[in-house]
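Open the structure in a viewer and keep the selection panel at hand. The stops below go from the sheet to the aromatic residues and end at a serine.

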Amino acid sequence: MWQRCGAALAPICALSVGLLLTAAPAETSSRFASASFTVDGGSARERAQIEAALAASSFNWRLLPVPVQVHVRPGAPARATPGHVWLSTELLASGRFAWAVIQDEFAHQVDFFLFDEGTRALLNAELGGESWYAAPGVPHERRGAERFASTLVWAYWPSRQNSYRPRSARDVSAALDPERFRRLLAHVLATH
């Protein structure tokens with residue numbers, strides 16, 4: 001491909017290849033491996049589950065500009081704040097079932113660090129959200145940020161083993177067709 005592009009177009013070709021790699025789904029593993037993260041608490045086995053979950057996705061988690069601190073605690077509800085993810089030991093003990101939840105919480109890091117208000121407004125409209133973050137009276141599944149995270153999980157890990165696999169068009173992970181979502185996200189990330 002590089003030889004056909006010529007020297008003048010090499011940067012454009014490099015960007016195109018990068019976008020294709022970011023958008024390509026993979027069934028079982030990713031050449032991008034995982035985001036940079038550290039784990040506070042948790043066993044070696046629980047840490048391996050986090051790594052395996054991120055590797056199962058074809059999303060390029062290395063786009064995250066900072067290491068994510070993962071806090072593993074018994075009974076902790078899965079959640080994310082900028083630079084931090086909380087996961088329970090019980091969730092991690094469920095094996096592959098947990099992978100979608102882990103990816104979901106890392107998808108929120110993409111929102112926190114790579115999106116601005118304009119990007120969030122665009123994605124919210126495309127994903128059919130009522131508001132991006134929590135708003136009075138807006139259920140969890142109608143929040144754009146949640147629709148984004150769930151759709152990312154399914155679009156970049158389209159596996160029968162994915163616990164976020166949509167069962168109907170009304171499922172939050174089916175907010176947008178996976179291919180269309182990957183193209184939209186690649187465009188958003190390229191313009192950022």
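Two strands count as paired if DSSP finds at least two bridges between them. The model is predicted, and residues are numbered from 1 along the chain.

**Stop 1: the hairpin.** Select residues 79-81, strand E3, together with residues 84-88, strand E4. E3 and E4 pair in the antiparallel sense, over three bridges. Within this pairing, Ala 80 stands opposite Val 85 of E4. The two strands make a hairpin with two residues between them. In the turn, pick Gly 83, which has a positive phi of about 85°.

**Stop 2: the other side of E4.** Add residues 68-73, strand E2, which pairs with E4 in the parallel sense over five bridges. Label His 71 and Trp 86: Trp 86 in E4 is the bridge partner of His 71. Then show the side chain of Arg 79, which lies over the face of Trp 86, 3.8 Å from the ring centre. How many of the five residues of E4 are buried? Four are, and the strand is mostly covered.

**Stop 3: the whole sheet.** Now show all the strands of the sheet. It is an open sheet of four strands in the order E1-E2-E4-E3, and the pairing is mixed. E1 (37-40) and E3 are at the edges with a single partner strand each, so one side of each has no neighbour in the sheet. From one strand to the next, the twist averages 20°.

Bring in the helices next. H3 packs on the sheet and touches E1, E2 and E4, its direction making about 150° with that of E1. H5 also packs on the sheet, where it touches E1, E2, E3 and E4; its direction makes about 20° with that of E3.

**Stop 4: the aromatic residues.** Hide the ribbon and show the rings. The structure holds ten aromatic pairs. Why is the pair of Phe 59 and Tyr 156 edge-to-face? The ring centres of Phe 59 and Tyr 156 are 5.3 Å apart and the planes stand at 85°, so the pair falls in the edge-to-face class, for which the planes must be over 60 degrees apart. The pair links distant parts of the chain, 97 residues apart: Phe 59 is in the loop between helix H3 (44-56) and E2, and Tyr 156 is in helix H7 (residues 144-156). Both Phe 59 and Tyr 156 are buried.

Select Trp 61 and Phe 106 next. They too form an edge-to-face pair, with 6.1 Å centre to centre and 75° between the planes. Trp 61 is in the loop between H3 and E2, while Phe 106 is in helix H5 (residues 96-114), so this pair ties together parts 45 residues apart in sequence. Trp 61 and Phe 106 are both buried.

To see the wider setting, select the aromatic cluster, which includes Phe 59, Trp 61, Phe 106 and Tyr 156. Among its other members are Phe 37, Phe 115, Trp 132 and Phe 181.

**Stop 5: Ser 150.** Return to helix H7 and select Ser 150, which lies in it. Is Ser 150 buried or exposed? Its relative accessible area is 7%, and the cut-off for buried is under 20%, so Ser 150 is buried. Leaving aside neighbours within four places in sequence, Ser 150 is in contact with Asp 104, Tyr 164, Val 172 and Ser 173.

Conventions: Predicted model: local features only at pLDDT ≥ 70, side-chain atom pairs only at ≥ 80, totals over all residues. Heavy atoms only, no water. Buried < 20%, exposed > 50% of the residue type's maximum accessible area, 1.4 Å probe, protein only. Phe/Tyr/Trp six-rings, centres within 6.5 Å; stacked < 30°, edge-to-face > 60°. Lys NZ or Arg CZ within 6 Å of the ring centre and 35° of its normal. Axes fitted to C-alpha atoms, helices over the stretch in contact; angles between N-to-C directions. Contact = heavy atoms within 4.5 Å.
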